[in-house]
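Hi everyone, thanks for making time. I'll walk you through a structure that's probably new to most of you, so let's get it up on the screen.

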Amino acid sequence: MTDLTLYFCPRTRSFHALWMLEEIGEPYDLRVVNIRDDIQSEAYGAVNPMRKVPALEVDGELITESPAICAWLADRFPEKGLAPAMDAPGRGSYLRWLFFAGSVIEPAFIDKAMSRETPRQTAGWGDLASVKASLVQALDGREYLVGDHFTAADLMIGSTLNFMMNFNLLERVEPFAPYVGRLVARPAFKRAMARETELAG
């Protein structure tokens, strides 16, 4: 049995990993870290020098960064069907969208939230208009991003879009609202949300 321990802080990006673990359905330990508290953050620095969450400890090895955690879990438990096989059609698209949330969507929307504009020619994410257009094109006429079923890429993108909509950074319009609605209706999402709510107090 794989020993899984998630370092988690409620109301942070670590929800990605919590939701993923619930989708996997394997036993895991949860260690709550208050990264907003300087003292506890210093202590957590011994685990992860970045003092960021999530961090997943797997048999003594630490994995950080949400897409890396999701990719590892999906590949470690292939029977859960959360990633195309290495040689399957759609594997490249799956990886593209798995990493799109943190490297493209987030910085574009952070620019919007901060009322700033990063010059398009210097930004790896381009601009907000092109980010939205790419997502609209990817979701047009589709229920999921890759193939005909839910994958870890949908978890990363859907969780991020849900956050953006909850904070009024993204309009609840087609195709985003129905797409996110399908994802947050999943039992694993509901279990993860219930656990986070309980831990947040």
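One term before we start: when I say a residue is buried, I mean under 20% relative accessible area. And keep in mind that this is a predicted model.

Okay, helix 1, residues 15-24. How many of its residues are buried? Ten of its ten, so by that under-20% cut-off the helix is mostly covered. Among them are Phe-15, Trp-19 and also Glu-22 and Glu-23. Just after helix 1 comes Gly-25, with a positive phi of about 80°.

Next, a helix pair. Helix 6 covers residues 152-166 and helix 7 covers 176-184; their axes come within 9 Å and cross at roughly 115°. The crossing is left-handed. On the helix 6 side you'll find residues including Ile-157, Gly-158 and Leu-161, and they meet a helix 7 set that includes Phe-176, Tyr-179 and Leu-183. By class, that contact has nine nonpolar, two polar and one charged residues.

Now the pockets. The largest holds about 540 Å³ of space. It has 21 lining residues, and the closest to its centre are Thr-12, Arg-13, Ser-159, Phe-163 and Phe-167. Here's helix 6 again: it gives the most to this lining, six residues. Eleven of the lining residues are nonpolar, six polar and four charged.

The second largest pocket has about 430 Å³. Of its 18 lining residues, Arg-13, Lys-52, Val-53, Glu-65 and Ser-66 lie nearest the centre. Which helix supplies the largest share of this lining? That's helix 4, with four residues. The classes here are seven nonpolar, seven polar and four charged.

Technical notes. Residues are numbered from 1 along each chain as its sequence is written. This is a predicted model: local features need pLDDT of at least 70, side-chain atom pairs count only at pLDDT 80 or more; totals for chains, interfaces and linings use all residues. Side-chain values use heavy atoms; hydrogens and water are left out. Axes are lines fitted to C-alpha atoms, for helices over the stretch in contact, and angles run from 0 to 180 degrees between N-to-C directions. Helices (H or I, at least four residues) and strands (E, at least two) are DSSP runs, numbered from the N terminus. A crossing is left-handed if the near helix is turned anticlockwise from the far one by less than a right angle, and right-handed if clockwise. Contact means heavy atoms within 4.5 Å. Ala, Val, Leu, Ile, Met, Phe, Trp, Tyr, Cys and Pro count as nonpolar, Asp, Glu, Lys and Arg as charged, and the others, Gly among them, as polar. Buried means under 20% relative accessible area, exposed over 50%, partly exposed in between (1.4 Å probe, protein chains only). On a 1 Å grid over the protein atoms alone, a cavity is a set of points where a 1.4 Å probe fits but cannot get out, and a pocket is an open set with protein on both sides within 12 Å along at least five of seven lines; lining residues have an atom within 4 Å of a point. Grid points are joined across faces, edges and corners, and a volume is the space filled by probe spheres set on the points.
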